[in-house]
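Here is a structure to go through by question and answer. Each answer sets a value against the rule behind it.

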Amino acid sequence: MDYPNELNKPFFILAPMDDVTDTVFRQVVADCAAPDLFFTEFVNVDGLQSPGRPRLLNKLRFVSGETKLIAQLWGVQPENFKAVAVQIADGSLARELGLPDGCNFAGVDLNMGCPAKSEVQNGACSALIKNRPLAKAVIDATKDGLAGRLPLSVKTRVGFNEVDMTWISFLLQQKLHMLTVHGRTRKEMSKVPAHWNLIGEARALRDRAGVGTLIVGNGDVESHEQGLELAKQYSLDGIVIGRGVFHDPFVFAENSNWAEKTKAERIALYRRHVELFAKTWAGNERKIHTLNKFCKIYISDFDGAKELREQLMQAESAEHLLGMLPN
Ligand SMILES: Cc1cc2nc3c(=O)[nH]c(=O)nc-3n(C[C@H](O)[C@H](O)[C@H](O)COP(=O)(O)O)c2cc1C
């Protein structure tokens, strides 16, 4: 399967965000204004190949209506990347998640960008920027496991401590289907504006390398319109939007009218989110407090929003929270 790349029109992807972009939130965003593709949260392959697997599988859960979902993996053991890639490519992991035959992920992405200390100390994620032999081994092992059955992509940053575009050139030599470039170094975390000129440079490097890798830009995009402008300016194939969805759940709409939504409409959308959360995580697989980070998306920009948020964040269960939401 190929990712959309029609009519020279850039495609849009909802960023992978840990503890945020689970199946529940992806379904809410898809109902508001769907991007072309979605990522799962990142999931650790070494953990998946351990007794901790059942708990981690929750990060990969999806429903059959989610047909454009890329599984994002991280870890350090190439053999575990290979094993999980096999399970994804042959559909057995999707069956384990309870999905019907024929229903599968659309691709696999490797996280080589997460800056968090715990992952980096482990030698994983953005630490791979400084460990090309391991990065290559991880890519090769995943490719082996996928055996061409699903596209392989990488999401990364433009360097570890310093900008290092040789890292991008190195990745382009790996014949990836897609490369998402978050325009900041690991050291910069999210503290400085994304360097879109470097994302544009990645596109130029792709052309010079003469490979077909789709180049996708990421960092600080707040609207579909802004994404289109950046894609045009830097000749990119696609745009990834992450935190922008916290300010506008309709961020992927060509003309979002979120700013005009009434208090009742905002509350109704949060109700839908909480109901789906309660149904999906009925076994308490996700704690109620994980909903708190979504509250501000919906309960904002109306009189009394702050006070209402403070009350809602005290809820002890989804039922309790639903009971507190005004009609
Ligand atoms: C809460 C949160 C969780 C994130 N989790 C992941 C993750 O699991 N995998 C990943 O590649 N990036 C992760 N990121 C980074 C985003 O995917 C994205 O690269 C970053 O937020 C910059 O894009 P933005 O400015 O559009 O938000 C996370 C970011 C946030 C804010």
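Q: What makes up the shell around the ligand, by class?
A: The shell divides into five nonpolar, six polar and five charged residues. Ala, Val, Leu, Ile, Met, Phe, Trp, Tyr, Cys and Pro count as nonpolar; Asp, Glu, Lys and Arg count as charged; the others, Gly among them, are polar.

Q: What kind of model is this, and how are residues numbered?
A: This is a predicted model: local features need pLDDT of at least 70, side-chain atom pairs count only at pLDDT 80 or more, and totals for chains, interfaces and linings use all residues. Residues are numbered from 1 along each chain as its sequence is written, and side-chain values use heavy atoms, with hydrogens and water left out.

Q: Which residues are the closest to the ligand?
A: Pro16, Lys155, Asn218, Asp220 and Arg243 are the closest of the 16 residues that surround the ligand. A residue is near a molecule if one of its heavy atoms lies within 4 Å of it.

Q: Why does the pair between proline 16 and the ligand count as a polar contact?
A: A polar contact is a pair of N or O atoms within 3.5 Å; within protein, one must be able to donate a hydrogen and the other to accept it, and residues adjacent in sequence count only if both atoms are side-chain atoms. A backbone N or O atom of proline 16 lies 2.8 Å from an oxygen atom of the ligand, so the pair meets the cut-off.

Q: Which ligand atom does the backbone of aspartate 18 approach?
A: A nitrogen atom of the ligand lies 2.8 Å from a backbone N or O atom of aspartate 18.
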